[in-house]
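Reader: I am new to this structure and would like a close look at one part of it, the way its helices pack against each other. Please take me through that slowly, and then show me what lies around it.

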Amino acid sequence: MDGKKWNLTEYLNGDKKFIIPVYQRNYDWKQKNCQKLLEDLIKIQSAQFESYFIGSLVSKRGVHTENYIIDGQQRLTTLSLIFIAIYKIALEQQKIRFADKIYNQYLVNQYSEEENNKKLHPIKRDNKAFLSLFSEDEDDYIKTSNIFINFQYFYDEIKKRELDIENLEFAIKKLIIIWIDLQPEDDEQLIFESLNSTGLDLSNADKIRNFLLMNEKEENQQRYFETYWEKIEENTDNKPSTLIKYYLQHNRRKNISDEAFYENFKDYFNKKVENKEQLLIEIKEWSKAYSKIRNRSFHSEQLNYRLKRLSFLENTTYEPFLIAYISESKELSEIELSQIVAIIETYLVRRYISEVATNALNKVFLTLYSDTMKLMERKSVSFSQALVAVLLMKSGSARFPKDDEFIQSIGTREIYKLKTKS
């Protein structure tokens, strides 16, 4: 690992290509982050600082001119957005030579013969929005993207404040980074975790994605991301942490806190996983089931209606159980799945009306699938029949309230006052 102090613009200059690997998270700087950076640049001008440190940038060199950004992609992308704003304003102000300088020094490799000659190559989810900013037609901009939103902020603020764009570039030239150039023998994952242990708010899913993809060859990173991880994100509305936590708890047969989630996942992977691709296949299958349950997108209208009713209880402890059943069924019967949902609904509603404490439910559903499978195989009965038998054997705070308890409770409880989702 080799660390050097560099002017950011010197780092950007030259025939370099900065690639954000697929395992990195989306560009997600908020306007308050952009405002802070712009205020800092204005302060650099007014206070006439000689230099201004903005943090570290960690990269690993690839073939030829590629630099894979391990840490610092948010700052690097934001500076590129500022330069695009400056470039467009320079064109409007007829400062053609200055515009050409900004474009060729900081934004493109002008002598590159590649179709995409831009210096910065964001991840796939951001790249289309980034490239659209170079269009002369504003209708091409992807205006819902955070890339566009922050570009527009810089463009509007520079014009509204009537900032001198040449002075602004001069201020950017005073920005200093510590460039850490990783060597082949350096452990990227260890360095990444150390750098991101404070300050940078990564979700558990971000950390897991990095853990699974970071040390793979580039072609494997791309294939794993596009074949599995991207689909997992799509199936979970880009919030896969809950789904992966379900998968982990199901396989470890224990509840796991959010704080301990990532370390538990690494421990599970190192001890139990023999094939990374098989793990990704399984999580992808779980994500499909998760999506079908959450979106109620089964063929059976009765099943979708029962899932909708179940959602009114505002209790999701049953989801890992249903996901396991769906994803591990060789030939899924929606008729039986509808029966299973009806049984779970009855179990939860009876407990709710009977005011049975809910603190046992997580533990019940953690083992319910495996307990039901064992009984089904031992007794040669259907899954739904085995499920009823397993639930009826529960006692204490895990119990299935019998008819007499339920009838007594429903006769005395003020049900009309109970609140559920509308």
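Author: What follows looks at two pairs of packed helices, then at the cores, and then at some single residues. Please keep in mind throughout that this is a predicted model.

Two packed helices are described by the angle between their axes and the distance between the axes. Helix α15, which covers residues 319–328, packs with helix α17, residues 361–379, at an angle of about 25°, and their axes are 8 Å apart. Since angles under 35 degrees count as roughly parallel, α15 and α17 are therefore roughly parallel to each other. The crossing of these helices, α15 and α17, is right-handed. On the α15 side the contact is made by Phe321, Ala324, Tyr325 and Glu328, and on the α17 side these meet Phe365, Leu368 and Tyr369. Sorted by character, the residues in this contact of α15 with α17 are six nonpolar, no polar and one charged. An α-helix has 3.6 residues a turn, so residues three or four places apart point the same way.

The second pair is helix α14, residues 301–311, with helix α16, residues 334–353; here the packing angle is about 20° and the axes lie 9 Å apart. That angle makes α14 roughly parallel to α16, and the crossing in which α14 passes α16 is left-handed. From α14 the residues Gln302, Leu303, Arg306, Leu307, Arg309 and Leu310 take part, and they meet Glu334, Leu337, Ser338, Gln339, Val341, Ala342, Ile344, Glu345 and Leu348 in α16. The residues of this contact of α14 with α16 divide into eight nonpolar, three polar and four charged.

Some names from these contacts return in the core. The largest nonpolar core has 68 residues, and those with the most contacts inside it are Leu212, Trp229, Leu279, Phe321, Leu322, Ile344 and Phe365. Of these, Phe321 and Phe365 also belong to the contact between α15 and α17, while Ile344 is one of the α16 residues that meet α14. Leucine 279, leaving aside residues up to four places away in sequence, touches Leu212, Tyr247, Phe265, Tyr268, Phe269 and Val273. Another core, of 55 residues, lies apart from the largest one, and among its members are Tyr11, Tyr52, Tyr141 and Leu168.

Turning to helix α5, residues 124–132, its buried residues are Asp126, Asn127, Ala129, Phe130 and Ser132. What covers them includes α3 (73–92), β5 (120–121) and α6 (146–160). Helix α6 also holds glutamate 157, which counts as buried because its relative accessibility is 10%. The C-alpha atoms of glutamate 157 and phenylalanine 130 are separated by 19 Å, and the two residues are 27 residues apart along the chain.

Finally, there are the loops. Most residues other than glycine have a negative phi, and most peptide bonds are trans. Glutamate 355, however, has a positive phi of about 55° although it is not a glycine; this residue sits in the loop between α16 and α17, and it is exposed, with a relative accessible area of 58%. Asparagine 238 likewise is not a glycine and has a positive phi of about 60°. The place of asparagine 238 is in the loop between α10 (218–235) and α11 (241–252), where asparagine 238 is exposed, its relative accessible area being 54%.

Notes:
Residues are numbered from 1 along each chain as its sequence is written. This is a predicted model: local features need pLDDT of at least 70, side-chain atom pairs count only at pLDDT 80 or more; totals for chains, interfaces and linings use all residues. Side-chain values use heavy atoms; hydrogens and water are left out. Axes are lines fitted to C-alpha atoms, for helices over the stretch in contact, and angles run from 0 to 180 degrees between N-to-C directions. Helices (H or I, at least four residues) and strands (E, at least two) are DSSP runs, numbered from the N terminus. Angles under 35 degrees count as roughly parallel, over 145 as roughly antiparallel, 65 to 115 as roughly perpendicular and the rest as oblique. A crossing is left-handed if the near helix is turned anticlockwise from the far one by less than a right angle, and right-handed if clockwise. Contact means heavy atoms within 4.5 Å. Ala, Val, Leu, Ile, Met, Phe, Trp, Tyr, Cys and Pro count as nonpolar, Asp, Glu, Lys and Arg as charged, and the others, Gly among them, as polar. A nonpolar core is a set of buried Ala, Val, Leu, Ile, Met, Phe, Trp, Tyr and Cys residues joined through side-chain atoms within 4.5 Å. Buried means under 20% relative accessible area, exposed over 50%, partly exposed in between (1.4 Å probe, protein chains only).
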